[in-house]
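Open the model in your viewer and keep the selection panel at hand. This tour goes from one selection to the next and says what is there.

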Amino acid sequence: MDLKDLYQEIILDHGKNPRNLGKFDNYNKDAKGNNPLCGDNVHVYLRLNENKKVEDIAFEGHGCAISMASASIMTDMVRGKEEKEVKEIVSDFLGMIKEKDSLVTNILKDDEKTKLMSLSGVKQYPMRVKCATLSWHTLTSALDNSDQIVKTEE
Ligand code: ZN
């Protein structure tokens with residue numbers, strides 16, 4: 001199986017069966033995001049414990065396969081990580097989607113990087129980039145306690 005097929009398979013899998021979908025009770029941070037161009041909506045919930053570790057994370061939402069797959073992969077990826085590690089992963093991912101060819105963080109294992117790289121195919125399509133990055137911007141907003149709804153368009 002070549003890399004492109006593998007990436008496709010990961011996105012289809014997460015798009016059809018998103019992980020961490022739903023809401024849990026004792027979250028202490030959350031934020032909403034909206035991508036009106038495609039109709040993607042996400043609401044990210046997370047629980048940071050006293051050591052600033054992401055104890056639990058989940059999301060509610062609906063939208064295209066890319067937005068759902070991205071939120072699914074993201075929530076899988078940051079559970080159990082410390083806040084500063086999460087921020088590093090987010091910025092590495094956004095950098096990769098926008099310009100870099102690969103991920104540089106050493107926080108993630110190779111198989112985790114492969115999952116994130118599965119979204120790299122959207123790079124050439126600015127509309128799709130918004131779908132892929134929506135949940136990531138929303139996660140950042142939740143960590144920063146922003147009350148603003150994250151919007152891809154003004
Ligand atoms: Zn979308």
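Select Lys32 and His43: Lys32 stands opposite His43, which belongs to strand β2. Bear in mind while looking that this is a predicted model.

Now extend the selection to strand β1, residues 29-35, and to β2. The two strands run antiparallel and are joined by seven bridges. Another pair to pick out is Asn34 with its bridge partner in β2, Asn41. Is β1 mostly covered or not? Five of its seven residues are buried, so it counts as mostly covered by the cut-off for burial, under 20% relative accessible area.

Next, go to the turn of the hairpin. Four residues lie between β1 and β2, and Gly39 has a positive phi near 85 degrees.

Return to Asn34 and add Lys151: this residue of β4 also stands opposite Asn34. Here β1 and β4 run parallel, with two bridges joining them.

Show all the strands of the sheet. In which order do the four strands of this open sheet come? The order is β3-β2-β1-β4, and the pairing is mixed. The edges are taken by β3 (54-62) and β4; each has a single partner strand, so one side of each has no neighbour in the sheet. In general, strands of a sheet pair through backbone hydrogen bonds, in parallel or antiparallel fashion.

Select the zinc ion next. Which residues coordinate it? They are Cys38, Cys64 and Cys131, each through SG, and Asp40, which is listed twice through OD; the distances are 2.2 to 2.7 Å. Along the sequence the donor residues follow the spacing C-x1-D-x23-C-x66-C. Asp40 lies in strand β2 (residues 40-48) and Cys131 in helix α5 (residues 126-143), so this pair ties together parts 91 residues apart in sequence. Both Asp40 and Cys131 are buried.

Move on to the largest pocket, with a volume of about 280 Å³. Of its 13 lining residues, select the ones closest to the centre: Lys4, Gln8, Ser118, Gly121 and Val122. Helix α1 (residues 3-16) gives the largest share of the lining, four residues. By type, the lining consists of six nonpolar, five polar and two charged residues.

Last, colour the chain by pLDDT. The mean is 95, and 99% of the residues reach 70 or more. Which elements have the lowest and the highest mean pLDDT? Strand β4 (residues 150-151) has the lowest, 91, and β2 the highest, 98.

Key. Residues numbered from 1 in each chain as written. Predicted model: local features only at pLDDT ≥ 70, side-chain atom pairs only at ≥ 80, totals over all residues. Heavy atoms only, no water. 1 Å grid on protein atoms, 1.4 Å probe; cavity = no way out; pocket = protein on both sides within 12 Å on 5 of 7 lines; lining within 4 Å. Points joined across faces, edges and corners; volume = space filled by probe spheres on them. Nonpolar A, V, L, I, M, F, W, Y, C, P; charged D, E, K, R; others polar. Donors = N, O, S within 2.8 Å, 3.2 Å for Na, K, Ca; no water. Buried < 20%, exposed > 50% of the residue type's maximum accessible area, 1.4 Å probe, protein only. pLDDT = per-residue confidence, 0-100. Pairing = 2+ DSSP bridges.
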